[in-house]
Amino acid sequence: GQADQFYFGLDDLDKAQTMNSGRLMEKAMDEAAYGMKNKIDQYLAGTILVGGLNATTTLLSGATVSSTSNPIVVGTNSGDTNAYELFTDLSTQLNLQNVPAGDRWVVIDPNLVAKLLKDVRFTSFATAGALETMRQGSSAGGEGQEGALASVLKMLLGMDVYISNNVPFYAAAGTTVYPTATPTSTSVYTIIAGYKGAATYANQIADGSPEAFRLQTGFMDVVRGLHLYDAKVTRPAALAGAYVQYS
């Protein structure tokens with residue numbers, strides 16, 4: 001299992017100079033919670049990558065399975081894979097693996113969002129109504145452009161779309177370790193799709209956590225907490241993925 005903890009304090013001097021010290025403590029709690037959620041998201045992404053992508057579930061690049069040394073090049077140049085085609089191929093791969101049609105999802109990085117929005121076969125899709133949804137957003141898909149994009153893709157492919165900076169990536173083609181601190185133009189990303197029965201996740205807040213107490217060696221209120229969690233891929237065949245590089 002995994003265990004994460006947070007620990008922060010609010011100095012009496014800060015409280016004295018703040019009109020609403022309760023609000024300040026609330027903001028600190030929110031920041032600690034976001035940090036823990038981000039770390040859990042990274043752990044889940046890595047777990048699904050290692051447990052789900054294999055020679056059977058990974059899309060081909062040319063005549064062989066895509067990999068860090070043989071990525072699918074996604075872009076708008078001649079010979080590149082069209083961004084929308086990548087989603088279609090992932091959906092088809094799930095169909096070939098007899099994955100249930102409901103509750104499907106795909107996690108993509110912001111680079112793929114940009115490629116998709118430059119894909120004329122997607123942005124000119126079907127009706128003016130669909131294009132207007134992309135422009136103005138949809139309450140079904142969340143607020144803003146990302147929500148609109150997710151809503152239209154859901155309509156087209158039947159997959160919930162999540163955009164994340166925690167998509168596992170490799171430094172460059174041929175590398176075997178991820179992630180690097182900062183992605184580059186040569187990084188290889190792992191785009192993964194599946195359905196909710198593919199993996200399990202369990203978490204527990206330790207007894208007595210979070211807890212607040214008065215620091216004995218200073219003038220400060222302190223809050224600390226402990227979160228236990230773990231995840232496992234239970235149905236690798238319910239996942240599909242691809243190693244991609246952007247041109």
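## A walk through a predicted protein model

The protein chain has seven helices and twelve strands. Keep in mind as you look around that this is a predicted model. Let's begin with the whole chain and then visit some of its parts.

### The chain as a whole

The protein chain has 247 residues, and 39% of them count as buried. On the outside, the chain exposes about 13,400 Å², with carbon and sulfur atoms supplying 53% of that area. How are the contacts spread along the sequence? Take the contacts in the protein chain with a separation of 6 or more: 72% of them are between residues 24 or more positions apart. The next sections give some examples of residues that meet across the sequence.

### Aromatic pairs

How many aromatic pairs does the structure hold? There are four aromatic pairs. In one of them, the ring centres of Tyr-170 and Tyr-243 are 6.1 Å apart and the planes are at 50 degrees, so the pair is tilted. Tyr-170 belongs to strand E7 (residues 169–170) and Tyr-243 to strand E12 (residues 239–246), so this pair ties together parts that are 73 residues apart in sequence. Both Tyr-170 and Tyr-243 are buried.

Another pair is made by Tyr-189 and Tyr-246, whose ring centres are 5.5 Å apart with planes at 45 degrees, so this pair is tilted. Here too, distant parts of the chain are linked: Tyr-189 sits in strand E8 (residues 188–195) and Tyr-246 in strand E12, 57 residues apart. Tyr-189 is buried, and Tyr-246 is buried as well. Together with Phe-169, the residues Tyr-189 and Tyr-246 form one aromatic cluster.

### Phe-169, a member of the cluster

Phe-169 is found in strand E7. Is Phe-169 buried or exposed? Its relative accessible area is 7%, and buried means under 20%, so Phe-169 is buried. Which residues surround Phe-169, leaving aside its neighbours within four places in sequence? Phe-169 is in contact with Tyr-178, Pro-179, Thr-180, Thr-182, Pro-183, Ser-187, Val-188 and Tyr-189. Phe-169 and Thr-190 are 21 residues apart in sequence, and their C-alpha atoms are 6.1 Å apart in space.

### Two residues of helix H3

Now find helix H3 (residues 83–96), where Ser-91 is located. With a relative accessible area of 10%, Ser-91 is buried, because the cut-off for buried is under 20%. Not counting residues up to four places away in sequence, Ser-91 touches Arg-104, Leu-157 and Met-159.

Leu-94 lies in helix H3 too. Leu-94 has a relative accessible area of 0% and is buried. Again not counting residues up to four places away in sequence, Leu-94 touches Val-99, Arg-104, Met-159, Ala-193, Gly-194, Ala-238, Leu-239 and Ala-240. One of these contacts reaches far along the chain: Leu-94 and Ala-238 are 144 residues apart in sequence, yet 6.9 Å apart in space, C-alpha to C-alpha.

### Two pockets

The table sets out the two pockets, with the make-up of their linings.

| Pocket | Volume | Lining residues | Nonpolar | Polar | Charged |
|---|---|---|---|---|---|
| Largest pocket | about 570 Å³ | 28 residues | 18 residues | six residues | four residues |
| Second largest pocket | about 280 Å³ | 19 residues | ten residues | eight residues | one residue |

Which residues that line the largest pocket are closest to its centre? They are Asp-41, Ile-48, Trp-105, Val-107 and Tyr-162. Several elements supply at least two residues each to the lining of the largest pocket, among them helix H2 (21–52), strand E5 (104–108), helix H7 (144–157) and strand E6 (159–163). Strand E8, strand E9 (199–205) and strand E11 (220–233) also each supply at least two. Helix H2 gives the most to this lining, with five residues.

In the second largest pocket, the lining residues closest to the centre are Asn-165, Asn-166, Val-167, Phe-169 and Pro-179. You have already met Phe-169 as part of the aromatic cluster, and Pro-179 as one of the residues in contact with Phe-169. H2 and helix H4 (110–117) each supply at least two residues of the lining of the second largest pocket. Which element gives the largest share of the lining of the second largest pocket? That is H2, with four residues.

Note on methods. Residues are numbered from 1 along each chain as its sequence is written. This is a predicted model: local features need pLDDT of at least 70, side-chain atom pairs count only at pLDDT 80 or more; totals for chains, interfaces and linings use all residues. Side-chain values use heavy atoms; hydrogens and water are left out. Rings of Phe, Tyr and Trp (its six-membered ring) pair if their centres lie within 6.5 Å; planes under 30 degrees apart count as stacked, over 60 as edge-to-face and the rest as tilted. Buried means under 20% relative accessible area, exposed over 50%, partly exposed in between (1.4 Å probe, protein chains only). Contact means heavy atoms within 4.5 Å. Accessible areas come from the Shrake-Rupley method with a 1.4 Å probe; for residues, only the protein chains shown count as cover. On a 1 Å grid over the protein atoms alone, a cavity is a set of points where a 1.4 Å probe fits but cannot get out, and a pocket is an open set with protein on both sides within 12 Å along at least five of seven lines; lining residues have an atom within 4 Å of a point. Grid points are joined across faces, edges and corners, and a volume is the space filled by probe spheres set on the points. Ala, Val, Leu, Ile, Met, Phe, Trp, Tyr, Cys and Pro count as nonpolar, Asp, Glu, Lys and Arg as charged, and the others, Gly among them, as polar.
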